[in-house]
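Hi,

Here is the structure I promised to pass on. Have a look at it first, and my notes follow below.

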Amino acid sequence: MKRSRLYFTIQQFSLMVCFFLLSVNGIYAQSYKAAFKDDMCHCIEQENLKRRLTENTYKTCFRETLTKYAAQIDAQIVEEDPNQKFYKGQLARKELVLALEYELIYSCNTYFEFLESLRVSKMLIAREHAKETDLEAYNQQVALTPNSISYFMRAQLQFKLGNLQEAAADINRSLDVNPYKANVKSTRNELLLLAWIYEEQNKFTDAIAIYDQLYSGDFDTKIAVLRALAHKKSGGTSASVPNVIKTNESTNDNKNSARGRRSATRTVKTKVTSDQVIEKKKDTSSLKKLFKIDNKKGN
């Protein structure tokens, strides 16, 4: 009886230790990511003081910050197989560089203001080249062939001319006559422009709803960034980061974890399918481009 009680007590203690270690590990991971974000923001702020920010500033600061946290990222990966550990490490870096691209919008005002000014600049340049006289030609095109393409082309010109209501009306007509309107991928450009119009009209809730509809998962960072910008302008904070983005990321994480478990059970001599080889090449090649790694230099 005493032995069974002792065994039960030891078992309880072991479980408590496991839960404690898991919780500490989770807190540790969160704390390093928060610190990573702070250092990234500091780097962007320093770059802004020294020179005009460009679209490459984010990548530059990520590379600089990563050197400080690389060991902590790898420490989170529990994997005996060195090949699997390297692969999971590359995935962790890829997830981080893509996630911070929109998460920083909430916590780094310099980064937010830069991205917003970039969009405004592109819009003003487009409006500078738009001509009111071209509108008649587009009106004739719509009269001749009132299809989705004609309406969308006129909507683009109306937007550049600053005629937001007319542009929105044309996009809605374009969507109405589009036989593939149920397919979000087929109407992605139309919906993106409509969301931008809503932002210009301060209809942030409507714009956010479109971004949620468009978000395809699998690290669709363009939509995630646009969604975060609209959300931030509407008064949103990091405490209410898009649920749709969180859901898709957790799904991706589960897929990666399952893939890793399946791969770990194989022997070294097991043949790898062509799909997995292509996937690994994509993951590593994207990081090589980010860190400017040349295979030839290593030989």
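**What I found**

Let me start with one residue: N202 has a relative accessibility of 56%, so it counts as exposed. Its place is the loop between α8 (188–200) and α9 (204–214). What caught my eye there is the backbone: N202 is not a glycine, yet its phi is positive, near 60°. For context, most residues other than glycine have a negative phi. Bear in mind that this is a predicted model, so please read everything here in that light.

Now for the two helices on either side of that loop. How do α8 and α9 lie relative to each other? Their axes cross at roughly 160° and come within 7 Å. With the cut-off for roughly antiparallel at over 145 degrees, α8 and α9 are therefore roughly antiparallel to each other. The crossing is a left-handed one. On the α8 side, the residues that meet α9 are R188, L191, L192, L194, A195, W196, Y198 and E199. Their counterparts in α9 are F204, D206, A207, I210, Y211, Q213 and L214.

**The overall picture**

Stepping back, you will see 13 helices and zero strands. Reading from the N terminus, the elements are α-α-α-α-α-α-α-α-α-α-α-α-α. The protein has 299 residues, and 36% of them count as buried. About 18,800 Å² is exposed, with carbon and sulfur atoms supplying 55% of that area. If you take the contacts with a separation of 6 or more, 64% of them come from residues 24 or more positions apart.

On confidence, the average pLDDT is 80, and 69% of the residues score at least 70. Residues 255–284 are below 50, and this stretch has 19 contacts in the model beyond near neighbours in sequence. The pLDDT also stays under 50 over residues 291–299, where the model has six contacts beyond four places in sequence.

**Two more helix pairs**

Helix α5 (residues 135–144) and helix α6 (residues 148–160) have their axes 9 Å apart and pack at an angle of about 160°. That makes α5 roughly antiparallel to α6. Here too the crossing is left-handed, with α5 passing α6. If you want to see the contact surface, show L135, Y138, N139, Q141 and V142 in α5. They meet S150, Y151, M153, R154, L157 and Q158 in α6.

The next pair is α4 and α10. Helix α4 (residues 109–129) and helix α10 (residues 221–233) cross at roughly 110°, and their axes come within 11 Å. That makes α4 roughly perpendicular to α10. From α4, N109, F112, L115, E116 and R119 take part, meeting V225, L226, L229, K232 and K233 in α10.

**Three residues to click on**

First, C41, which sits in helix α1 (residues 2–50). Is C41 buried or exposed? Its relative accessibility is 9%, so C41 counts as buried. Leaving out residues up to four places away in sequence, C41 touches L104, S107 and C108. There is also a long step in sequence to Y111: C41 and Y111 are 70 residues apart along the chain, but 7.3 Å apart in space, C-alpha to C-alpha.

Then T110, which belongs to helix α4. T110 counts as buried because its relative accessibility is 16%, which is under the 20% cut-off. Which residues is T110 in contact with, leaving aside its neighbours within four places in sequence? They are I44, E45, N48 and L53. T110 and H42 are 68 residues apart in sequence, and their C-alpha atoms are 9.3 Å apart.

Last, E101 in helix α3 (residues 82–107). At 25% relative accessibility, E101 counts as partly exposed. Its contacts, without neighbours within four places in sequence, are Y58, Y111, T221 and V225. V225 is 124 residues from E101 in sequence, with 6.9 Å between the two C-alpha atoms. V225 has come up already, as one of the α10 residues that meet α4. Y111 has come up before as well, 7.3 Å from C41, C-alpha to C-alpha.

That's it from me. Over to you!

Terms used. Residues numbered from 1 in each chain as written. Predicted model: local features only at pLDDT ≥ 70, side-chain atom pairs only at ≥ 80, totals over all residues. Heavy atoms only, no water. Helix = DSSP H or I, 4+ residues; strand = E, 2+ residues; numbered from the N terminus. Buried < 20%, exposed > 50% of the residue type's maximum accessible area, 1.4 Å probe, protein only. Contact = heavy atoms within 4.5 Å. Areas by Shrake-Rupley, 256 points an atom, 1.4 Å probe, with all protein chains shown as cover. pLDDT = per-residue confidence, 0-100. Axes fitted to C-alpha atoms, helices over the stretch in contact; angles between N-to-C directions. Parallel < 35°, antiparallel > 145°, perpendicular 65-115°, else oblique. Left-handed = near helix turned anticlockwise from the far one by under 90°.
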